Amino acid sequence: MKEFVFIKTPDIDAVLPDDIDVLDSVNSAEYLVSNSKDAKAQVYAPEINFYLKNSQDSVLEKAKMAELLYEARAHTFDRAVDMDYQKEVGKNVIIISDDEKTTLASKLSDEGYKVISLSHAEVKFLYGEIGELYVTVLRENDEFEVISDFVLVNGIKEYMLRQSGTAEIANLKDDEILAFLNTRSPVYRYKSAITYDQSICQYHERRSEHCAKCVEICPTVAILKDDENKHLVFSHIDCNECGGCVSVCPSGAIDYAKMPRGAFIDVAKMYKGKKIIITPRIMDLEDFDIILPEGFLPFGVEGEKFLSQVHLLTLLQESGASLIFYSDIISAGVRESIELINQIYKAKFNEVAIEIATDEIELRKAIKNAKFIQGSQYSMSEYALAKREIFAKRVKYLVGDENLGVSKSGEWIRYGKVEINQDACTLCLSCVGACNVSALVADEKDNSIKFNASLCTTCGYCEVSCAEDGAIALTRGELRLEPSYFEYQTLAKDSLFACIECGKEFATTKAVMKIAQLMTPKFGDDSYKIKTLYCCADCKAKIMIKKQMEDAAKIYEDGK
């Protein structure tokens, strides 16, 4: 398989590097990246034609940037961690429509499909996945279940779209519907679009629910909750690869398999010194006629919803220029990320960092407004850093030594702070154990609990894990743009208590005194037991053994 191919088009006259095969028409050779969806290639990159057709860059610059676009797609493909799956799918089709004049059923029958037609009134429920779709049918006061490989609906209900193998056909031609079926039967091939790290998940195996935003935002049944065991359940066959779960995952437990964070930062660094237009797969770039001034470059991505505050700020800083997000679908996670970053840039530079363009008119305006932002460019290694840590380091660079006020966070992308009442806290460290993103840590050097607000996902698990009433409190809603917000601050501190027998330090003074206060009344006049409350484990055992020996000796003496 060769790497790059460019299929000539009448409206593009480009001089390209020798490592790109330039062909007059599609042939049977296989390639990695192509500018044409008709070529046999692993990756179709429409942004290549979009750039070459519309850019006002010089001929030499166009050749260099075209090669960059090919390389960016190839690198993303090489670093992708999506897995291949397949499933055998039959030719049983249910058509749900109130249009009695439709000719679709007979056309599908002619192509070998077995078709059942139902009205909306006859359908009570639909569940399952492609190849195994179960439709609950109501007919003549009877209720029964029909299994099908596909369900085609004219006027689809929202719940029906959540299963793979279902399609809205209201605006599709018969040939388009047939193509939809034929590309999925007799074998449906699909990939996993996300990866998952349960060790930093804010839902996984916790005693109470503090997250599952991925489930809330998923437009299909690709992610569900097992509330009994607090496990996420993934169905890759139902995933539409939008990436919405990635953008709202607070800890970074979910990443986009088609463009993992490691691949993203590598490609972002290629765009240094360029004004970027992010172009998701859903946007039709063919036949697009717009002027791209010198220095503009499209950034092609598959999923339209996976870009989080980390992805967007990385692109901003690595390029040094404002961004344009060109998409007519703006998910909640993407929108809140853009709003948060724009607040930060407004406070720092009094500039708009990211403009949203949902159509060609808005895109033209955004291109006119795009600019390099002095002081924005910043390149860093993101290797082995967690999602919040990357964002924290990048925002910290912008803040510097200034106090820029606050940026308000939303419901999907949350920031805040944790406070500890030192009078109530015994430094039992339950809160530290509950935090799986290292926002709360124990510092053995000074026997303290420290907190870094910029790493906190504000899940609230530390609150419910605290053994003391009112010892810890979480406040959501703000990312403070001041240096201390990005550093570990001491929330609680105590001295270590020395064992009254051997002098070894074994616990915090507050913890020892609290336990002693609780247990002393229960021990009555037993001086030995009371003494053990102030001893380390070794001395505690010795004291109890000594007491048992004295008790045994006393019994022996009394028995003489």
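Two strands pair if DSSP finds at least two bridges between them. Helices (H or I, at least four residues) and strands (E, at least two) are DSSP runs, numbered from the N terminus. By these terms, strand β8 (residues 123-129) and β9 pair in the antiparallel sense over six bridges.

This is a predicted model, in which local features need pLDDT of at least 70 and side-chain atom pairs count only at pLDDT 80 or more, while totals for chains, interfaces and linings use all residues. Residues are numbered from 1 along each chain as its sequence is written, and side-chain values use heavy atoms, with hydrogens and water left out.

**Strands β8, β9 and β10**

- Strands of a sheet pair through backbone hydrogen bonds, either parallel or antiparallel.
- Within the β8 and β9 pair, Gly128 has Leu133 of β9 as its bridge partner.
- Two residues separate β8 and β9 in their hairpin. Gly131 sits in that turn with a positive phi of about 90 degrees.
- β9 also pairs with β10, in the antiparallel sense, over seven bridges. Here Tyr134 has Ile147 of β10 as its bridge partner.
- The hairpin of β9 and β10 likewise has two residues between the strands. Glu140 lies in this turn, in the loop between β9 (132-139) and β10 (142-148).
- Phi of Glu140 is near 50 degrees, which is positive in a residue other than glycine.
- Glu140 counts as exposed because its relative accessibility is 75%. The cut-offs are under 20% relative accessible area for buried, over 50% for exposed, and partly exposed in between (1.4 Å probe, protein chains only).

**Hairpin of β29 and β30**

- Strand β29 (residues 496-498) pairs with strand β30 (residues 505-508) in the antiparallel sense, over three bridges.
- Glu505 in β30 stands opposite Ala498.
- Six residues lie between the strands of this hairpin. Gly503 takes a positive phi near 85 degrees there.

**Two open parallel sheets**

- One open sheet has four strands in the order β7-β6-β11-β12, with parallel pairing. Its edge strands, each pairing on one side only, are β7 (114-118) and β12 (166-168). Neighbouring strands of this sheet are turned by 20 degrees against each other on average, direction ignored.
- Those angles come from axes, which are lines fitted to C-alpha atoms (for helices over the stretch in contact), and run from 0 to 180 degrees between N-to-C directions.
- Strand β11 (residues 150-153) and β12 pair in the parallel sense over three bridges. Val151 stands opposite Thr166 in β12.
- Another open sheet of four strands has the order β19-β18-β20-β21, again with parallel pairing. Its edges are β19 (296-301) and β21 (354-357), and each pairs on one side only. The twist averages 25 degrees from one strand to the next.
- Strand β18 (residues 275-280) runs parallel to strand β20 (residues 323-326), and three bridges join them. Ile276 has Leu323 in β20 as its bridge partner.

**Helices**

- Helix α2 (residues 59-79) has 21 residues, so at 1.5 Å a residue it should span 30 Å. Its end C-alpha atoms are 30 Å apart, which agrees. The expected span is 1.5 Å times one less than the number of residues.
- Buried residues in α2 include Met65, Leu68, Leu69, Tyr70 and Arg73.
- Helix α16 (residues 537-558) holds Tyr556. Tyr556 is exposed because its relative accessible area is 54%.
- Tyr556 and Met259 are 297 residues apart in sequence. Their C-alpha atoms are 78 Å apart in space.

**Other backbone points**

- The peptide bond from Ser185 to Pro186 is cis, with omega near 15 degrees. Pro186 is in the loop between α4 (174-182) and β13 (187-191).
- Lys230 has a positive phi near 55 degrees, in a residue other than glycine. Lys230 is in the loop between β15 (223-226) and β16 (231-234). Lys230 counts as buried because its relative accessibility is 13%.

**Cavities**

- The structure holds four cavities of 30 Å³ or more. A cavity is a set of points, on a 1 Å grid over the protein atoms alone, where a 1.4 Å probe fits but cannot get out.
- The largest cavity has about 120 Å³ of space. Volume here is the space filled by probe spheres set on the points, with grid points joined across faces, edges and corners.
- Sixteen residues line the largest cavity, each with an atom within 4 Å of a point. Cys218, Ala222, Ile223, Cys239 and Cys245 lie nearest its centre.
- The lining has 10 nonpolar, six polar and no charged residues. Ala, Val, Leu, Ile, Met, Phe, Trp, Tyr, Cys and Pro count as nonpolar, Asp, Glu, Lys and Arg as charged, and the others, Gly among them, as polar.

Conventions. On a 1 Å grid over the protein atoms alone, a cavity is a set of points where a 1.4 Å probe fits but cannot get out, and a pocket is an open set with protein on both sides within 12 Å along at least five of seven lines; lining residues have an atom within 4 Å of a point.
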